[in-house]
Amino acid sequence: MNDIIVGIDLGTTNSAIGVVDSGFPILLADEEGKRIMPSAVWLNEDGMVEIGRKALRRRALDGGRVITSVKRLVGRDLDPADRENLLGKSAEEISALILGELKRVAEWRLGHAVHKAVITVPAYFHDGQRQATKRAGEMAGLEVVRIINEPTAAALSYGLDQLGDRSRVAVYDLGGGTFDLSILEMQEGVFQVLATHGDTQLGGDDLDRTMASAMARRAGIELEQLNQQERSRWLMEAERVKCSLSQRDDETFVLPFYEREKSFSALLTQAQWNEWMQPWIARTIACCHKALNDARLLPNEVDAVVLVGGSTRIPAVRAAVEACFGKVADVSQHPDEAIALGATIQAGMLSGAMKQMVLLDITPLSLGIETLGGLMNVLIPRNTTIPCKAGEMFTNAVAGQKAMRIRVLQGEREMARDNWELGQVDVPFAPAPKGQARIGVQFRLDENGILEVLARDVATGIDQVLVIEHSAVDVSDAKVEQMVSESVEHAFSDMAERVWTEAKLKAEELLPAVEAALAIGHEWLSAEERQSIDASVAAVKAALLQTEARVLKQAVQKLDQATEALAAKIVEQAMERAIEQQLMN
Ligand code: AMP
């Protein structure tokens, strides 16, 4: 197990670590279940250290000793102010603490030591910054087997390496502290960076500051003049409101007890917020144009646009990028996790773990059970990726019924009899009035195509299990083709039969119910209402004698409507009676 390689996204704001497990890239969660770790370090004078979320928790009380955004300083000459912010450490040492914590989480999760890693860096990092990142890894006890570009990692996580040679991908990455736009081109199986433009001082933090300053000004305060502790309270609230406005039309900015007894509260709309953000968004779009220009490409020559970084959750950001490239952006991956996942995929490719990737199979035909009226009830539709599971609740059709037969079917036809039976099992249950028994049926199809059918009487919790070893997935192409073409050929008549059967079942349920309702509530009906119900009943009975599905369905619907008021009245009366009863007791 020693040649396992982890993938690490060492981000400005957040970091994450992952590994390929059984062919799948996964990110590893810490003890709190979090896969994303803030890139923050708290150091006190006595050499105590806290990293990640624990470090951030110190921000409100001991903000001056919490180091964030160290990535901006890695591999650079530091000025005295930076040195002071780093509390006498080097940027590499602080990065090494973050990497060490990620390594610890991975080792704890995996249960063994980790020695090798792939680490991502921004595409614009120069050699000195790459070397410094590598050294930080080594300080944390990791052999850095490769440094890869963040946009490349993002593209890998989106599976864009599958797009084929010469395909071009734009990766728009707006995180907490930095922005960059990279244009990649796949050349002989490897992504090359055609152009990259960015702004190392532009990100979600700037948005927080914009909002906090504007709000503070409304309260008559200059944010820059506050002490660090007070300022971070305004900034934290701004970040909360910002994230909320990515989902809501408005949000209230609330800061209780600033300056001892004063409290501040103001409503901010998404429209207003979009306006405040506009200059920042415009700056990122200008970078997109520059990068396209450098790559000598028109926006429509880019095949895919992917968004990464937490700030791309902002709807106005997404809209601006889509307008710039004239293309809907791919946002199917988690924006905070895409880079770490890509690093993990790269690590898996290097260690060979990715080769064990399981080829996902799909179900060639639908799987289901027969239900009332001889209908096919599909639980797992055709073309579902396996392994998979699905379930549904069923009930008894007849009062006093003691068992339910579950017939497991495969095929695309509407009627059970036209599909293939894979097996059957009888599920006994305690006799109950019609519709009162509850039988849960679950289909579980594992990666080997073995279908396990579990049927449970909810009342007793007793399970019946039927295992179908073969044929659930293992069907010859010719048979699949025959089944599918027959289902297409008979689609019309099949559907008519289903509609007919369903309407007939409904009619058979409704007619006795209407009769019972009339017996109770006939005196509440006007002559007109009575006439309408009688006519509807007659229409349903007449329709049952023909075999025109549509006519029966309409007649049943009409009867349902005609008796709606009566049914409501009966329920109302019953309730009143129950209440009276209660009052009398
Ligand atoms: P990253 O550096 O990619 O982890 O991104 C972190 C940044 O994304 C921070 O500035 C967050 O405030 C921001 N962010 C996260 N979620 C949202 C959201 N729902 N709306 C706006 N910004 C967000």
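The following exchange goes through the ligand shell, one helix and two buried residues of a predicted model.

In this predicted model, local features need pLDDT of at least 70 and side-chain atom pairs count only at pLDDT 80 or more, while totals for chains, interfaces and linings use all residues. Residues are numbered from 1 along each chain as its sequence is written, and side-chain values use heavy atoms, with hydrogens and water left out.

Trainee: How many residues surround the ligand?
Mentor: A residue is near the ligand if one of its heavy atoms lies within 4 Å of it. The closest are Asn 14, Gly 176, Glu 239, Lys 242 and Ser 246. The shell divides into two nonpolar, nine polar and three charged residues, where Ala, Val, Leu, Ile, Met, Phe, Trp, Tyr, Cys and Pro count as nonpolar, Asp, Glu, Lys and Arg as charged, and the others, Gly among them, as polar. The number of residues that surround the ligand is 14.

Trainee: How far from an oxygen atom of the ligand is a polar side-chain atom of Glu 239?
Mentor: For Asn 14, a polar side-chain atom lies 2.7 Å from a ligand oxygen, and for Gly 176 a backbone N or O atom lies 2.9 Å from one. For the polar side-chain atom of Glu 239, the distance to an oxygen atom of the ligand is 2.5 Å.

Trainee: Which helices and strand pack against the buried residues of H13?
Mentor: Helix H13, a DSSP run (H or I, at least four residues; strands are E, at least two) numbered from the N terminus, covers residues 491–521. Its buried residues (under 20% relative accessible area, 1.4 Å probe, protein chains only) include Trp 500, Leu 510 and Val 514. They pack against strand E18, helix H14, helix H15 and helix H16.

Trainee: With which side chain does the side chain of Glu 50 make a polar contact?
Mentor: Glu 50 sits in strand E6 and is buried, because its relative accessible area is 18%. A polar contact is a pair of N or O atoms within 3.5 Å; within protein, one must be able to donate a hydrogen and the other to accept it, and residues adjacent in sequence count only if both atoms are side-chain atoms. At 2.9 Å, the partner of Glu 50 is the side chain of Arg 58.

Trainee: Which backbone nitrogen does the side chain of Ser 366 reach?
Mentor: Ser 366 lies in the loop between strands E16 and E17, and it counts as buried because its relative accessibility is 4%. At 3.0 Å, its side chain reaches the backbone nitrogen of Arg 382.

How values were computed
Expected span 1.5 Å × (residues − 1). Buried < 20%, exposed > 50% of the residue type's maximum accessible area, 1.4 Å probe, protein only. Contact = heavy atoms within 4.5 Å.
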